[in-house]
Amino acid sequence: MRKLILASIILFSAAILPSVSYAQVPFGGFEVSIFPCTCTGQFLHYFAPLYLGPFPTAGALTYPMGAMTAFLFGMLHPGAWTLGLYTPGVQACWVWAGKFCFPLPSLGAISPFTGTSL
Amino acid sequence: MHALLLSLSVALALGSSGPQVMALQQILNRDSDTRIAYTGPGSPGNETSYFGQLTKSAVIRFQEKYTSDVLTPVGLTRGTGYVGLYTRIKLNSLSLSNTTTITAANAAPIASSTDYLVKASEKIDIYAGDKMIANVQNRILTAINSAIASQSTATATIPAITLSDVPSVVIKELSPRSAAVGVKISVTGTGISSNSAIYFGNNYIVRTLSQDFFGNFSFTVPSIPLALYDLAIQTSGIVSNTAAFVITDPKNPPVHIQSIYPAVIAYGGTLTIAGSGFTPQNNIVVTTYQKFPNVPSADGKTLIIQLSPDSLRELAKVGRGTDKIPTSVYVVNEYGFSDSEKLFNIKL
């Protein structure tokens, strides 16, 4: 049990604290679903299509809950088209499951300066 | 140009079906006092060929609005919902009128144009794209909820989502999202071309998209009943997601959210929205996790909803009391979209 708690703390730390400064990359996509990461204080946004480059794909990106400001409210509605910057490969979405947190895979973290179509 | 709707020639009643019923609904929908429904089947653009309870209720309102023409000649004082001779005469006279004979203060002054009616060969399911997206949402949510229920520390396995799971035609943005007849609307998205058509509900269509020098598309709001519509774009047989659009009457007040209460709400709790421009029936309250159609407002200033979204149900079972999930809310009705959104927190 103690090992599990210790492992969880280490994993949270790795998830919450980005240790490396990554370049931000433009993205755009249609948001099909949103889910709260109740352990790490973000939202996980599923986009399909998702444009991370010239060719569309599908996938999820995180966005910090605390960064919600007036012009971002549209991001909290599936059906919005979102444009902005994201940092690839950092942060995961951790969700509380009663005894532990478990991770949901993410392609990266959205910059707080992102906007939407709503 | 005004509608040349099918003339009503046979008696209609609860249970009737066929093109005459659809024509009846289209005539009734021209007046907000006798509108079949504001959203869904029977609403403007979504008239059906079945005479159900909503149609009967609308007919009764019509008969009682024109009592002297419809009921008095047959010795009645209350509407019956039966579309007999005098009711048909009145309906046909309004249908064929080129003038604004509908006199309610908020009645739709513009008649349906045959140019914008969907032909039999053009009929589609405008919600086909939404259904694809809903299927993806359900798959994601089912996977996450299973992971929560299993209380595993392992990474949740989210089903692979491919581009073939969602429509290749997508509406990104309509700007503005509400406007009067004749206003030019910019539309952006993917898979849109000069061959695309825009559907207003299932029954009205704009077949011509304009494209400017920079390749941007736009259309002009058609002269169809003033109402809240679900818009979908079809390109080469592919149907997009829908986006809400309101054809407004300039006389209507703006929709405004003044405040919401409480700021933090428990799962299953009640949220009160205070503001103005809410309609007596059929306000749509859209929150991040749950959409509420047909919310009434007795005073035009208050809306009340109970929040228990399916997508947070499993989280609510295991939720920690300190978790507050930011959630956004806005309102749309036949008057338009609320001029702002408000943020509150769901406490798990």
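At 39% relative accessibility, Arg313(B) is classed as partly exposed. Here buried stands for under 20% relative accessible area, exposed for over 50%, and partly exposed for what lies in between, using a 1.4 Å probe and protein chains only. Let's start the exercises from this residue.

The model is predicted, so to speak of a local feature takes pLDDT of at least 70 and a side-chain atom pair counts only at pLDDT 80 or more, while totals for chains, interfaces and linings use all residues. Residues are numbered from 1 along each chain as its sequence is written, chains are lettered from A and ligands numbered from 1 in the order in which they are written, and side-chain values use heavy atoms, with hydrogens and water left out.

**Exercise 1. Salt bridges**

Task: Find the salt-bridge partner of Arg313(B), then look at further charged pairs of chain B.

Solution:
- Step 1. Recall the rule: a side-chain nitrogen of Lys or Arg must lie within 4 Å of a carboxyl oxygen of Asp or Glu. Over all chains, eleven salt bridges are found in the whole structure.
- Step 2. Arg313(B) pairs with Asp310(B), with 2.3 Å between the closest N and O atoms. Asp310(B) is partly exposed too, at a relative accessible area of 47%.
- Step 3. Take Lys251(B) and Asp249(B), whose closest N and O atoms are 3.3 Å apart in a salt bridge. Lys251(B) is exposed, at 57%, whereas Asp249(B) is buried, at 6%.
- Step 4. Turn to Asp165(B) and Arg139(B), whose side chains form a salt bridge at 3.4 Å, N to O. Asp165(B) sits in the loop between helix 5 and strand 1 of chain B and Arg139(B) in helix 5 of chain B, so the pair ties together parts that are 26 residues apart in sequence. Helices (H or I, at least four residues) and strands (E, at least two) are DSSP runs, numbered from the N terminus. Arg139(B) is partly exposed, at 26% relative accessibility.
- Step 5. Add the network of salt bridges that links Asp31(B), Asp33(B) and Lys65(B).

**Exercise 2. A buried lysine**

Task: Work out what surrounds Lys90(B) in helix 4 (residues 85–96) of chain B.

Solution:
- Step 1. Check its accessibility: at 17%, Lys90(B) counts as buried.
- Step 2. List its contacts, meaning heavy atoms within 4.5 Å. Leaving aside neighbours within four places in sequence, Lys90(B) is in contact with Phe62(B), Tyr66(B), Asp69(B) and Val70(B).
- Step 3. Look for a polar contact: N or O atoms within 3.5 Å, where, within protein, one must be able to donate a hydrogen and the other to accept it, and residues adjacent in sequence count only if both atoms are side-chain atoms. The side chains of Lys90(B) and Asp69(B) make one, at 2.9 Å.

**Exercise 3. Strand 13 and its partners**

Task: Describe how strand 13 (residues 283–287) of chain B is enclosed and paired.

Solution:
- Step 1. Five of the five residues of strand 13 of chain B are buried, so this strand is largely enclosed by the rest of the structure.
- Step 2. Sort the side chains: Asn283(B), Val285(B) and Thr287(B) point one way, and Ile284(B) and Val286(B) the other way. In a regular strand, side chains alternate between the two faces of the sheet.
- Step 3. Pairing needs at least two DSSP bridges between two strands. Strand 13 of chain B runs antiparallel to strand 14 (residues 291–295) of chain B, joined by three bridges, with Asn283(B) partnering Val295(B). These two strands form a hairpin with three residues between them.
- Step 4. Four bridges join strand 13 of chain B to strand 16 (residues 324–333) of chain B, also antiparallel; here Thr287(B) has Val329(B) as its bridge partner.

**Exercise 4. The interface**

Task: Describe the contact between chain B and chain A.

Solution:
- Step 1. Count the residues: 47 come from chain B and 37 from chain A.
- Step 2. Consider the area: the two chains bury about 3500 Å² between them, 73% of it on carbon and sulfur atoms. Buried area is the accessible area (1.4 Å probe) lost when two parts are put together, summed over both.
- Step 3. Count the polar links: four residue pairs are in polar contact across the interface, both residues at pLDDT 80 or more.
- Step 4. See which elements contribute: helix 5 (128–150), strand 1 (170–175), strand 13, helix 6 (313–318), strand 16 and strand 18 (342–347) of chain B each supply at least two residues of the side of chain B that touches chain A. The largest share of that side, eight residues, comes from helix 5 of chain B.
- Step 5. Finish with salt bridges between chain B and chain A: the count is zero.
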